[in-house]
Amino acid sequence: LEPMSNTVYFERPPVEITEKYMLAPDSDERLGGDLSHIVVMQHVTEERLQEFLNDLADCIEESNDKAA
């Protein structure tokens, strides 16, 4: 909710992603209900962040395929 924050909230992904990246569950009705978040710190490499984003995109794609 802070524009310069290094914390990013998003819709809670499936448990496989939550466990793989040790995401903490969160909930906020103002932001859509069940959430997770990441805190991007200096020690996080671009490669690790890209791996996370790829996994997250795959989950979204699979979810969209199931809904179709």
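**Entry 1: Thr18**

I began with the contacts of Thr18, setting aside neighbours within four places in sequence. I found Arg12, Pro13, Leu23 and Ser36. I note here that the model is a predicted one.

Next I asked where Thr18 sits. It lies in helix α1, which covers residues 15-20. Is Thr18 buried or exposed? Its relative accessible area is 15%. The cut-off for buried is under 20%, so Thr18 counts as buried.

I then looked at the side chain of Thr18. One of its polar atoms lies 3.3 Å from the backbone oxygen of Pro13. Pro13 is also on the contact list of Thr18.

I also checked Thr18 against Thr7. The two are eleven residues apart in sequence. From C-alpha to C-alpha, I read 16 Å.

**Entry 2: Asp55 and Glu51**

I moved on to helix α2, residues 46-67, where I found Asp55. Glu51 is in helix α2 as well.

Which residues does Asp55 touch, leaving aside those within four places in sequence? I listed Ile17, Lys20 and Tyr21. For Glu51, with the same kind of neighbours left out, I listed Lys20 and Tyr21. So Lys20 and Tyr21 appear on the list for Asp55 and on the list for Glu51. Lys20 belongs to the residue range of helix α1.

I compared exposure next. Asp55 has a relative accessible area of 17% and is buried. Glu51 has 31% and is partly exposed. Why do the two get separate labels? Buried needs a value under 20%, and partly exposed runs from there up to 50%. The 17% of Asp55 therefore falls in the buried class, and the 31% of Glu51 in the partly exposed class.

I checked one long separation from Glu51. Arg30 is 21 residues away along the chain, and the C-alpha atoms of the two are separated by 28 Å.

**Entry 3: the hairpin**

I turned to strands β2 and β3. β2 covers residues 24-28 and β3 covers residues 33-39. How do they run? They are antiparallel, and five bridges join them. I followed one bridge from Ala24 and reached His37 in β3.

The two strands form a hairpin, with four residues between them. In the turn I looked at Gly32. Its phi is positive, at about 110°.

**Entry 4: the largest pocket**

I looked for open space on the model. The largest pocket has a volume of about 350 Å³. Its lining counts 14 residues, and those closest to the centre are Tyr21, Leu23, Ile38, Val39 and Val44. Tyr21 was already in my notes as a contact of Asp55. Leu23 was there as a contact of Thr18.

Which elements supply at least two residues each to this lining? I noted β3 and α2. By type, the lining residues are eleven nonpolar, two polar and one charged.

**Entry 5: the second largest pocket**

The second largest pocket has a volume of about 200 Å³. I wrote down its lining: Phe10, Glu11, Arg12, Pro13, Pro14, Leu56, Cys59, Ile60 and Ser63. Two elements give two or more residues each, β1 (7-11) and α2. Which gives the most? It is α2, with four residues.

This lining divides into six nonpolar, one polar and two charged residues. Arg12 and Pro13 are among the lining residues, and I had met both as contacts of Thr18.

Terms used:
Residues numbered from 1 in each chain as written. Predicted model: local features only at pLDDT ≥ 70, side-chain atom pairs only at ≥ 80, totals over all residues. Heavy atoms only, no water. Buried < 20%, exposed > 50% of the residue type's maximum accessible area, 1.4 Å probe, protein only. Contact = heavy atoms within 4.5 Å. Polar contact = N/O pair within 3.5 Å; in protein donor to acceptor, adjacent residues only side chain to side chain. Pairing = 2+ DSSP bridges. 1 Å grid on protein atoms, 1.4 Å probe; cavity = no way out; pocket = protein on both sides within 12 Å on 5 of 7 lines; lining within 4 Å. Points joined across faces, edges and corners; volume = space filled by probe spheres on them. Nonpolar A, V, L, I, M, F, W, Y, C, P; charged D, E, K, R; others polar.
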